[in-house]
Amino acid sequence: DEAADAHDLRIVLLGVSGAGKSSIGNAILGREAFKESRTRESEIQRGRVEDRNIFIIDTPGFFNTQLTDEEMKKQMMKSLYLSDPGPHVFLLVINLGNFGDDKRNIVEQIQENFGAQALKFTMVLLIGREKISRGKFKQITESENIKEFLNYFEERFHVMNSKNECDPNQITKLLKNIDVMVENNIGQNYSNEIYLKDLRKLREQKERVKYEEKSHKQEEERNKQEQVWTRQEERDAKKQIERVNQEEEIKTKSKEERIKDHNERKKEDVKERAQYLRVKEGNRWKVTKRKKDKDGHLKEE
C-alpha cells in the first residue's frame, strides 16, 4: 500500500574492496542475499525489515583491481538505475580493523562517480567494533584523520559490530540513524537529476578552466608577440638613432671640414696679405732710402 511505500528505504552500499559491504547487506536484510565475495557487479536485493521494504544495492569496491575505471564507472551508474528513483542513503562501509587503508581517496571516488552533492546523502558505517579494544577505538575516533574525514559527511557516522557479532538491535539503531538523515534531507532521495546537475556543473567548471587556460595561453602569445614587436621597434629605433647620429656626424664632419678649409683659406689669405704688405713695405722702404749725391743725382744707399 501507499503508506508502506512511503516508508521504503533504498540503500546503496559503498566502500573499498574487502570492506565487508555484502556481509553488512546480509546483516540488514537478515538473510544471505548477497554472495560474500569480491563483488564485480552492482546488484539489488530486497527484504521486509521491521514492517517496511528495504532495498539494498551492493556495488564493486573502490580501487577494485579486477575492473577498469570505465567498467567501475558503468557499475556505479548501474547502482543508480537499480535504486530508481534514487537511493535515500549511500552507506559508506569502513572496516575499523584497517581504517588507515580504507580512507584512500574515498571522498574523491564518491564525488567522481556520483557528484559532490552525493556527500549530503552519505553516512559512514564503521564496522568491526568488537574486534578492537576500547583504547584503540578511542584512538581512531579521536584522531585528526578521522575527524577531517567525517567532516566531509557532516560527521554522520554509525558504529556497529561485524555481521556475525551483530544483533537485530544494532540494525534497528542503524535504520533509525538513517531515518534521521533522510528527515534532515527533507525526505528527499538522491536522484539522477542531482547527479546530472552536478555533472553539468563539473562540465561547466572544466569548460571554464579550459577557457581560462586558453585565454591565458592567448594572453601569453600576445605578450610574446608584443615583446617581439617591442624588440623589433627598439631595434628599428636604435637603427634610426644610429642613422641620424651618422648623418649628424657626417654633417658635423662636413661642417668642420668646411670651417677648417675656410680657416685654412683665411690663414692663406692673411699670409698672402702679410707677404704682400711686407713686399710693398720693402719697396717703399727702398724708395725712401734713395738720396741725392753731391751732383744732385738720386742714389740708393
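**Close-up views of charges and salt bridges**

**View 1. A negative patch that includes E268.** With a relative accessibility of 38%, E268 counts as partly exposed, because the partly exposed class runs between the 20% and 50% limits. Please keep in mind that this is a predicted model. E268 sits in helix α9, which covers residues 192-289. On the surface, E268 is joined by E256, E257, D261, E264, D269 and E272 in a patch of negative charge.

**View 2. A positive patch that includes R231.** Helix α9 also holds R231. Its relative accessible area is 42%, so R231 is partly exposed. Together with R235, K239 and R243, R231 makes up a patch of positive charge on the surface.

**View 3. K163 and E32, a bridge between two loops.** Here the closest N and O atoms of the K163–E32 salt bridge lie 2.6 Å apart. K163 belongs to the loop between β6 (157-160) and α8 (168-184), and E32 to the loop between α2 (21-29) and β2 (43-49), so this pair ties together parts that are 131 residues apart in sequence. E32 counts as exposed because its relative accessibility is 56%, and the exposed class begins over 50%. Look for E36 in this view too: E32, E36 and K163 are linked in a network of salt bridges.

**View 4. D179 and R52, a bridge from helix to strand.** The salt bridge between D179 and R52 has its closest N and O atoms 2.9 Å apart. Distant parts of the chain are linked by this pair, with D179 in helix α8 and R52 in strand β3 (residues 52-58), 127 residues apart. The partners fall into separate accessibility classes: D179 is partly exposed at 25%, whereas R52 is buried at 11%.

**View 5. E154 and R156, a buried arginine with an exposed partner.** E154 and R156 form a salt bridge whose closest N and O atoms are 3.0 Å apart. E154 has a relative accessible area of 57% and is therefore exposed. R156, in contrast, has a relative accessible area of 15% and is buried, because the buried class lies under 20%.

**View 6. The whole chain, for orientation.** Stepping back, the chain has nine helices and eight strands, and its salt bridges number eight. Of its 301 residues, 35% are buried. The accessible surface amounts to about 20,600 Å², and carbon and sulfur atoms account for 47% of that area. Among contacts between residues at least 6 apart in sequence, 71% join residues at least 24 apart.

Notes. Residues numbered from 1 in each chain as written. Predicted model: local features only at pLDDT ≥ 70, side-chain atom pairs only at ≥ 80, totals over all residues. Heavy atoms only, no water. Patch = residues over 30% accessible without salt bridge, like charges linked within 9 Å, V, L, I, M, F, W, Y side chains within 5 Å. Areas by Shrake-Rupley, 256 points an atom, 1.4 Å probe, with all protein chains shown as cover. Salt bridge = Lys/Arg side-chain N within 4 Å of Asp/Glu carboxyl O. Lys, Arg positive; Asp, Glu negative; His and termini not counted. Charge placed at Lys NZ, Arg CZ, Asp CG, Glu CD. Helix = DSSP H or I, 4+ residues; strand = E, 2+ residues; numbered from the N terminus. Buried < 20%, exposed > 50% of the residue type's maximum accessible area, 1.4 Å probe, protein only. Contact = heavy atoms within 4.5 Å.
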